[in-house]
Every structure is written in C-alpha cells, then in structure tokens.
Amino acid sequence: FFFRTAVFGTMASVRIINQEEVAKHNTVSDFWIILDGYVYDLTTFLDLHPGGKVVLLPYAGKDATEAFYGLHRVEHIFPYAKKFMVGRLPTSPPESPHVPKAGIISKVPYAEPSAWQNFLSPYFTPKHLQFKSVFRAFVDTELKPVSNSYELSGKDPSPELFKKMGAFGFLACRMGQVLGPYLKEFNLPAGVRAEEYDYFYEMIAHEEAGRIGTPGFGDALGAGMVIGMPPVVIMGPQAMKDKVVLPILRGEKRIALAISEPFAGSDVAGIKTTARKSECGRYYIVNGVKKWITNGTFADYFTTAVRTGGSGMGGISVLLIERGPGVTTKKIKTSYSGAAGTAYIEFEDVKVPVENLLGKENEGFKVIMANFNHERWAIICGVNGAVRGVIEECMKWAHQRKVFGQRLIEQPAIRQKMGAMIAQLEAVQNWTENITYQMNNMSYDDQSKYLAGPMALLKYQCTRVADFVSGEACQVFGGRALTVTGMGALVARFRTSQKFSAVLGGSEEIMNDLGVRQAMKFMPESAKL
C-alpha cells in the first residue's frame with residue numbers, strides 16, 4: 001500500500017526555461033509567472049483567479065513565489081500544476097514541490113515527535129516508523145482529500161468511507177490490544193502482526209487521526225467506537241461479540257458510547273435513564289435521554305449507561321442498545337462540525353434483550369470506570385497529534401510570512417511564542433510515552449491501580465497545553481486564524497474545537513481532583529516534614 005500511494009501523481013519531464021524567456025511573457029494575453037523555480041502559463045487562468053486578476057498582474061513575467069506564499073498554502077497549487085506548468089528554471093530541483101506526496105514524515109522542527117526526527121528512543125522501532133508512514137499515507141490519500149467538504153457541510157461520513165477504513169485496518173488500529181483475537185482478523189498496515197501490535201502502534205494511529213486538521217470530521221472517523229467498543233469486547237457475552245465486533249471493525253456498522261445526559265455529565269452516578277425488567281423477564285424496557293453523544297446520529301449500537309437499581313453508582317448498569325423502535329437521534333449543533341454526529345438521543349420504551357447486559361446488573365459503574373483509562377489516553381494521543389499539527393503550521397507560517405520587512409520568525413516576540421508552545425508540548429509528549437510504556441508492561445490490575453491518577457493529570461495537562469497553543473497560534477497567524485478557509489484555517493478550526501477534549505472524558509477540574517485523590521491513597525502515614 002505504501003509504495004502504491006506514497007506519491008499522488010508525478011510530473012512528466014518538463015522543459016528547461018531560462019528567466020529571460022519568462023520575462024517576455026508579461027502581458028494579459030501572454031501571462032507567465034515563476035513559483036518555486038517552476039514556470040506557469042496563467043493566461044487562461046487570470047479571469048478565474050478567486051482573488052481577481054488585479055492581484056496577479058504585478059508579477060507578469062516575474063518570480064511570484066514570495067507573494068504567493070504570503071497569501072496561499074502550497075496545496076492550492078496542486079489542482080493546477082499539471083494543467084498550467086510549462087517548464088522549470090535551470091536551477092530548480094527536478095522534483096516539483098507542487099505534486100502532493102503522502103506518508104511523508106515532516107522535517108519541520110518539532111512537527112513530529114522526537115523519535116521521528118533523528119532522536120534515539122527506547123520505545124519505538126523502525127517498524128513503528130514504517131507503520132506511521134503507511135498509516136499517514138492512507139490518511140493523506142483517502143481521508144484528507146474529503147475532510148474539508150465533510151467539515152464544512154457537517155454531513156455524516158458515508159458508509160462507503162467507513163468500509164474503506166475498515167478494509168485498510170484504520171478502525172482496528174484505533175482499538176489495538178483491547179480487541180484480543182479479533183485483531184488477527186485484519187491485515188494491519190506495514191505488515192505489523194497482531195501479536196506485536198503494542199500501545200505505541202495504537203498511539204501513532206490516534207495521533208495521525210488527530211493531525212487531519214478537521215476536528216469534527218476527525219471525530220467522525222470512529223471516535224464513538226474507540227470509547228464505545230471496549231466494554232463490549234471486555235464485558236460482553238460471546239454471542240454479542242460475535243454479532244457486532246467484526247462488522248464494526250469492517251466499517252459495516254457503527255457504535256457510540258451513551259453515558260452523558262442533560263442531568264449528568266462528569267457526575268456519572270447521577271444518570272436518570274431507566275431500564276426496568278419486562279414482566280416476562282426477557283427484556284429491559286429503557287426510557288430516558290442522552291446528550292452530547294459523539295457519532296450518535298449515525299451509530300447502529302449504543303453502549304448505554306442506565307439505572308436498573310436505586311440511586312447513586314450502585315444502581316447503574318450498562319446495556320448494548322441496538323438502533324430500532326423507540327430509539328430517536330437528533331443532531332446537536334456544536335462549536336465544531338456536525339460531521340462528528342454529536343447527538344441527542346431519546347429512548348422511549350425500547351425493548352433490550354437481557355442478554356445485552358455488559359457485566360453484571362447494578363455493577364455498571366465498574367464497567368464505565370474500567371473504560372476511562374483507555375478513553376482518556378486515546379483523547380490525549382489525538383490532542384497531541386492535533387497540537388503538533390498546529391505548531392507545524394505556525395513554524396511554516398513564521399518562516400514564510402514577512403511583516404515590517406522581516407520574516408515573522410525573526411521577531412523575538414514570535415520566537416518566544418514558538419518556544420513556549422514547543423516546550424509545553426514536548427513535556428506532554430514525553431509523559432504520554434512514559435504512560436504508554438506502563439500500559440505495555442503493567443498487568444490490567446496494576447494499570448487500574450497505578451495509572452488512573454497519572455492518566456487524569458496527564459489529560460489535564462494535555463488539554464491545558466492545547467488551550468495555550470490555540471491562543472498563541474492565533475496570535476502568530478493574526479486575522480487569518482479567524483477565517484474559516486485560507487492560510488489559518490487549521491488554526492481557526494483548532495481554536496473553536498480544542499475545548500471538547502477539556503470536557504469530554506472528564507472535565508479538567510475532575511481530572512485534577514482525581515489525580516490528587518489517587519495520589520493520597522499512596523501517601524505514607526509516616527511521611528512528615
């Protein structure tokens with residue numbers, strides 16, 4: 001797959017043109033310019049230019065590279081390169097920078113975790129790097145080209161797109177070790193075997209999903225599955241798993257986690273959706289509502305917290321509810337794209353077979369808590385990937401944008417902002433890798449005992465850094481960071497969406513409190529000043 005899609009397209013050999021010849025083509029009826037050492041005949045494009053031809057005219061027969069990158073992203077050239085390119089300067093590289101490439105590891109400083117930029121790592125192997133390249137190539141060729149249209153339209157991702165992700169292994173890769181034997185049903189990217197697929201591979205998958213740069217569409221690509229499927233795999237009866245797990249991983253069905261309600265968010269013990277046994281004892285009759293359910297508008301299954309007993313956490317159970325009679329979903333308008341399928345769900349006298357109970361009745365709080373470590377870790381990895389994408393955007397922009405006769409990066413104030421963003425992200429990245437190493441090597445019981453607190457604190461720090469970076473990035477990009485399209489579009493989208501991760505999976509305040517409360521359990525009684 002990697003070698004098939006590493007390059008979207010190639011340029012046929014182009015003729016060499018000297019600068020003197022380019023200079024002759026300097027009229028409206030014969031209009032050439034130079035971009036990155038490549039020559040373009042834009043005569044027929046002048047009247048089609050979205051910004052008007054007046055902007056282009058001063059560069060007739062000249063090098064317009066600097067002006068172009070002050071106004072455009074390089075990918076704006078991609079659709080036109082083959083049609084309008086007529087040659088290149090003798091000094092230009094033979095490989096055009098205007099042909100999109102996929103699966104490429106960025107050389108921009110801090111655009112990648114240090115392991116991918118010539119640093120030694122105790123965690124990653126060359127196989128991880130190969131996996132990262134192949135996984136990114138799929139994202140670049142199959143997901144990014146459609147990401148903007150979905151993000152702007154707010155439409156649910158198509159079933160065909162989900163099946164494409166399933167066939168590649170994108171969905172299975174985002175679930176990882178929790179799948180157990182089901183992971184062996186898929187040919188994983190880069191030839192990685194199921195038994196060697198550790199949490200560092202899964203970390204890469206979440207980071208790459210986060211880097212897509214369209215937050216709503218990014219969450220549409222199985223975020224509900226990442227948090228909604230583990231309870232089914234871990235706690236579900238075998239007949240249930242046989243029915244739903246592989247169809248979901250193949251992209252034929254979708255699943256969402258339905259816990260939050262208008263009445264209870266972080267306070268899970270306060271949920272009010274009820275599940276009462278039918279007179280025949282074969283069904284739970286579910287009534288209630290859920291809110292802010294990611295992927296809920298297009299999910300086929302809902303891993304749902306319900307109240308089967310008395311008040312508090314001791315009366316909660318978890319059911320797998322299949323979409324059917326009595327289940328109604330409505331899209332909620334949020335600050336990011338509707339493509340994520342954020343839903344308000346109504347359950348009205350929904351008949352759920354008692355076999356769809358996950359775990360034991362009235363012990364659902366344990367099921368929910370057992371899922372939180374992986375959920376929070378996945379959120380952290382995705383946010384890290386998104387933040388790193390924003391920093392890469394800032395680094396590129398600061399090097400190409402000129403103000404007051406200087407590049408932005410030559411301004412001390414901008415370097416201060418870049419340094420602060422980089423330092424904070426690198427600290428979070430290294431903590432994430434340390435926690436991931438523990439997940440690889442600790443038993444499940446030890447993870448539950450030792451990682452809940454550090455994971456909560458890491459999530460808090462991760463989302464605080466995301467908030468800081470979003471603000472600083474806006475200052476680096478200025479007005480462009482307030483524009484839905486154009487040079488600062490990725491930064492603008494991140495700014496309006498980064499608070500999601502600070503609330504979902506446990507709010508920052510809950511995370512900080514949980515982290516310290518967990519630490520208190522290990523405080524030696526004999527410790528004194």
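## Worked exercises on a predicted model

In this predicted model, Asn 26 has Phe 31 of strand E2 standing opposite it. The exercises below start from that pair and move on to the rest of the chain.

**Exercise 1. Work out in which order the four strands of the open sheet lie, and which of them are the edge strands.**

Solution. Begin with the pairing of strand E1 and strand E2 (residues 30-35), which run antiparallel and are joined by two bridges; these strands form a hairpin with two residues between them. Next, E2 is joined to strand E3 (residues 38-41) by four bridges, and this pairing too is antiparallel, with Tyr 40 in E3 as the bridge partner of Ile 33. The full order of the open sheet is E1-E2-E3-E4, with antiparallel pairing. The edge strands are E1 (26-27) and E4 (85-88), since each pairs on one side only. As for the background, strands of a sheet pair through backbone hydrogen bonds, either parallel or antiparallel.

**Exercise 2. Decide whether strand E2 is enclosed or open to its surroundings, and find the residue with a positive phi in the hairpin of E2 and E3.**

Solution. Of the six residues of E2, five are buried, and therefore the strand is largely enclosed by the rest of the structure. In the hairpin that E2 makes with E3, where two residues lie between the strands, the residue with a positive phi is Asp 36, at a value near 55°.

**Exercise 3. Describe the pairing of strands E6 and E7 and the hairpin that they form.**

Solution. Strand E6 (residues 274-277) pairs with strand E7 (residues 283-293) over four bridges in the antiparallel sense. One position to look up is Thr 274, which has Asn 287 of E7 opposite it. The hairpin of these two strands has five residues between them, and Gly 281 takes a positive phi near 80° there.

**Exercise 4. Compare the span expected for helix H8 with the distance between its end C-alpha atoms, then say how far the helix is covered and what it packs against.**

Solution. Helix H8 (residues 199-210) has twelve residues, and at 1.5 Å a residue it should span 16 Å; because its end C-alpha atoms are 16 Å apart, the two values agree. Turning to burial, eleven of the twelve residues of H8 are buried, and the helix is thus mostly covered. Among the buried residues are Tyr 199, Phe 200, Glu 202, His 206 and Ala 209. These buried residues of H8 pack against H5, helix H7 (170-173), helix H10 (223-228), helix H13 (364-400) and H14.

**Exercise 5. Where is Arg 211 found, is it buried or exposed, and what does it touch?**

Solution. Arg 211 is found in the loop between H8 and helix H9 (215-220). Its relative accessibility is 15%, and because buried means under 20%, it counts as buried. Leaving out residues up to four places away in sequence, Arg 211 touches several residues, including Glu 112, Arg 136, Lys 144, Arg 388 and Glu 392.

**Exercise 6. Classify the ring pair of Tyr 123 and Tyr 437, and say which parts of the chain it links.**

Solution. A pair of aromatic rings is described by the distance of the centres and the angle of the planes. The rings of Tyr 123 and Tyr 437 have centres 5.7 Å apart and planes at 45°, so this pair is tilted. The pair links distant parts of the chain, for Tyr 123 is in the loop between E4 and helix H5 (126-153), while Tyr 437 is in helix H14 (residues 412-441), 314 residues apart. With a relative accessible area of 39%, Tyr 437 is partly exposed. The structure holds 23 aromatic pairs. Ring pairs also link Phe 131, Phe 135, Phe 138, Phe 168, Phe 170, Tyr 197 and Tyr 201 into a cluster.

**Exercise 7. Find a ring over which the charged end of Arg 254 sits, and do likewise for Arg 376.**

Solution. The ring below the charged end of Arg 254 is that of Phe 162, with 4.6 Å to the ring centre. For Arg 376, the ring is that of Phe 372, and the distance to the ring centre is 4.2 Å.

**Exercise 8. How many disulfides does the count come to, and where does Cys 462 stand?**

Solution. The count comes to zero disulfides. Cys 462 is in no disulfide, and the nearest cysteine sulfur, which belongs to Cys 381, is 8.6 Å away. With a relative accessible area of 2%, Cys 462 is buried.

How values were computed:
Residues are numbered from 1 along each chain as its sequence is written. This is a predicted model: local features need pLDDT of at least 70, side-chain atom pairs count only at pLDDT 80 or more; totals for chains, interfaces and linings use all residues. Side-chain values use heavy atoms; hydrogens and water are left out. Two strands pair if DSSP finds at least two bridges between them. A disulfide is a pair of cysteine sulfur atoms within 2.5 Å. Buried means under 20% relative accessible area, exposed over 50%, partly exposed in between (1.4 Å probe, protein chains only). Rings of Phe, Tyr and Trp (its six-membered ring) pair if their centres lie within 6.5 Å; planes under 30 degrees apart count as stacked, over 60 as edge-to-face and the rest as tilted. A charge sits over a ring if NZ of Lys or CZ of Arg is within 6 Å of the ring centre and within 35 degrees of the ring normal. The expected span of a helix is 1.5 Å times one less than its number of residues. Contact means heavy atoms within 4.5 Å.
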